[in-house]
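User: Please take me through this structure by question and answer, beginning with how its strands pair.

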Amino acid sequence: NVFILSALITVVTFLIVKVEIENIYLYNKGVEVKAYVYKLRSIKTGSRSVYEFEVSNERYTGEDLNFKLGDSIQVIYLPQNPKINRTAKAVNRDWCVLLYRKIFE
């Protein structure tokens, strides 16, 4: 049981750290673009807004909360991999990005 719990904690920690590193990278190296919410996906606690944007004639998608169908939103993506993207609002509110700003800016 201790091994399984340790493995689970390690995986969860890795996933959290990965997202936070991506958010800092998006803040520093990301490109901002306009996206449109084209679908709402139901989840147990409400719905997720699915957005779409275009880079070099290719379409990419992402998800966030609290947007309405048809909304125009700002998204930040990594130029070398646009599949890594978040809404600008999510990146700028992220606790790790806020801490990064306090320390390095």
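**Strand pairing, core and helix**

Analyst: Six bridges join β1 to β4, and these strands run antiparallel; strands are DSSP runs of E with at least two residues, helices are runs of H or I with at least four, and both are numbered from the N terminus, while two strands pair if DSSP finds at least two bridges between them. The model is predicted, so that local features need pLDDT of at least 70 and side-chain atom pairs count only at pLDDT 80 or more, whereas totals for chains, interfaces and linings use all residues. Residues are numbered from 1 along each chain as its sequence is written, and side-chain values use heavy atoms, with hydrogens and water left out.

User: Which residue is the bridge partner of valine 33 in β4?

Analyst: β1 and β4 run antiparallel, and β4 is mostly covered, with five of its seven residues buried (under 20% relative accessible area, where exposed is over 50% and partly exposed lies in between, with a 1.4 Å probe and protein chains only). In β4, the partner of valine 33 is valine 75.

User: Which elements give two or more residues to the largest nonpolar core?

Analyst: A nonpolar core is a set of buried Ala, Val, Leu, Ile, Met, Phe, Trp, Tyr and Cys residues joined through side-chain atoms within 4.5 Å. The largest has eleven residues, including Val33, Phe53, Tyr60 and Val75. The elements that give two or more residues to this core are β1 (31–43), β2 (46–55) and β4 (72–78).

User: Which residue of β3 is the bridge partner of phenylalanine 53?

Analyst: β2 and strand β3 (residues 58–64) run antiparallel and are joined by seven bridges, forming a hairpin with two residues between them, in whose turn serine 56 has a positive phi of about 50°. Leaving aside neighbours within four places in sequence, phenylalanine 53 is in contact (heavy atoms within 4.5 Å) with residues including Glu58, Tyr60 and Val75. Its bridge partner in β3 is tyrosine 60.

User: What is the bridge partner of tyrosine 77 in β5?

Analyst: β4 and strand β5 (residues 81–87) pair in the antiparallel sense over four bridges, and a hairpin joins them through two residues. In β5, the partner of tyrosine 77 is asparagine 85.

User: How far apart in space are isoleucine 24 and arginine 101, C-alpha to C-alpha?

Analyst: Isoleucine 24 is found in helix α1 (residues 2–29) and counts as partly exposed because its relative accessibility is 21%. Not counting residues up to four places away in sequence, isoleucine 24 touches Cys96, Val97 and Tyr100. Isoleucine 24 and arginine 101 are 77 residues apart in sequence, and their C-alpha to C-alpha separation is 9.6 Å.
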